[in-house]
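Visitor: I'm new to this structure and would like to learn how to read it. Could you walk me through it, one feature at a time?

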Amino acid sequence: MKILEEQFICINLDEADQLPDVAGVYTIICTKDNKHYVKDVGMSSNINERISDHDRRDCWDKNCSGVLRICYRDMTGYTDEQIRGFESQIRDKYNPPCGDK
């Protein structure tokens with residue numbers, strides 16, 4: 001899936017234990033009727049650890065009547081500033097209902 005013209009890898013959220021231990025940006029996507037809706041976006045130095053016990057999981061569930069997926073972009077080697085900037089661009093474009101504005 002492409003987000004802001006960048007390729008993201010997506011898996012169903014119930015398979016999140018298969019996420020790699022990489023730094024990067026992730027989006028929580030709700031898929032319903034072949035449409036995709038961004039519900040949250042975040043960044044982490046370890047996406048696997050961050051998603052495994054995420055504090056906003058209730059918000060994701062509440063705001064999705066379809067299938068929850070996580071889409072991530074491995075940004076290992078990027079600076080925190082670059083990762084944070086990319087996360088902000090996604091948040092600004094999609095205005096997801098969960099997370100910091």
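Visitor: Let's start with C59: is C59 buried, exposed or partly exposed?

Guide: The idea is to look at relative accessible area, computed with a 1.4 Å probe on protein chains only: buried means under 20%, exposed over 50%, and partly exposed in between. C59 has a relative accessible area of 22%, so C59 is partly exposed. C98, on the other hand, counts as buried because its relative accessibility is 0%. Before we go on, a word on the source: this is a predicted model, where local features need pLDDT of at least 70 and side-chain atom pairs count only at pLDDT 80 or more, while totals for chains, interfaces and linings use all residues. Residues are numbered from 1 along each chain as its sequence is written, and side-chain values use heavy atoms, with hydrogens and water left out.

Visitor: Which residue is C59 bonded to in a disulfide?

Guide: A disulfide is a covalent bond between the sulfur atoms of two cysteines. Here the test is a pair of cysteine sulfur atoms within 2.5 Å. C59 passes with C98, at 2.1 Å between the sulfur atoms. The torsion about that S-S bond is -90 degrees, a left-handed link. This pair links distant parts of the chain: C59 is in helix α2, and C98 is in the segment after α3, 39 residues apart. Helices and strands here are DSSP runs numbered from the N terminus, with H or I over at least four residues for a helix and E over at least two for a strand.

Visitor: How many disulfides are there in the whole structure?

Guide: A search of the whole structure turns up three. Another one joins C30 to C64, with 2.1 Å from S to S. That link is right-handed, with 75 degrees about the S-S bond. It also bridges distant parts, with C30 in strand β4 and C64 in the loop between α2 (57-62) and β6, 34 residues apart. C30 counts as buried because its relative accessibility is 4%, and C64, with a relative accessible area of 13%, is buried as well.

Visitor: And where do C10 and C71 lie?

Guide: C10 sits in strand β3 and C71 in strand β6, so their disulfide ties together parts that are 61 residues apart in sequence. Their sulfur atoms are 2.1 Å apart, and the torsion is about 110 degrees, so this disulfide is right-handed. Both C10 and C71 are buried. If you count bonded cysteines along the chain, the pattern of disulfides reads 1-5, 2-4, 3-6.

Visitor: How should I read the sheet, and what is the order of its strands?

Guide: Strands of a sheet pair through backbone hydrogen bonds, either parallel or antiparallel. For two strands to count as paired, DSSP must find at least two bridges between them. This open sheet has four strands in the order β3-β6-β4-β5, with antiparallel pairing. β3 (9-12) and β5 (35-44) are the edge strands, each pairing on one side only. Going along the order, β3 and β6 share four bridges, β4 and β6 have eight, and β4 (residues 24-32) pairs with β5 over nine. You can follow V25 both ways: its bridge partner is M43 in β5 and R73 in β6. C10, which we met before, stands opposite C71 in β6.

Visitor: Which strands does helix α3 lie across?

Guide: Helix α3 (residues 80-94) lies across β4, β5 and β6 (67-74) and runs at about 155 degrees to β5. For such angles, axes are lines fitted to C-alpha atoms, for helices over the stretch in contact (heavy atoms within 4.5 Å), and the angle runs from 0 to 180 degrees between N-to-C directions.

Visitor: What about the core: which residues have the most contacts inside the largest one?

Guide: A nonpolar core is a set of buried Ala, Val, Leu, Ile, Met, Phe, Trp, Tyr and Cys residues joined through side-chain atoms within 4.5 Å. The largest has 16 residues, and L13, L19, I28, I47, I51 and I70 have the most contacts inside it. The elements giving two or more residues to this core are β4, α1 (47-52) and β6. A second, separate core has 12 residues, including F8, C71, I83 and I90.
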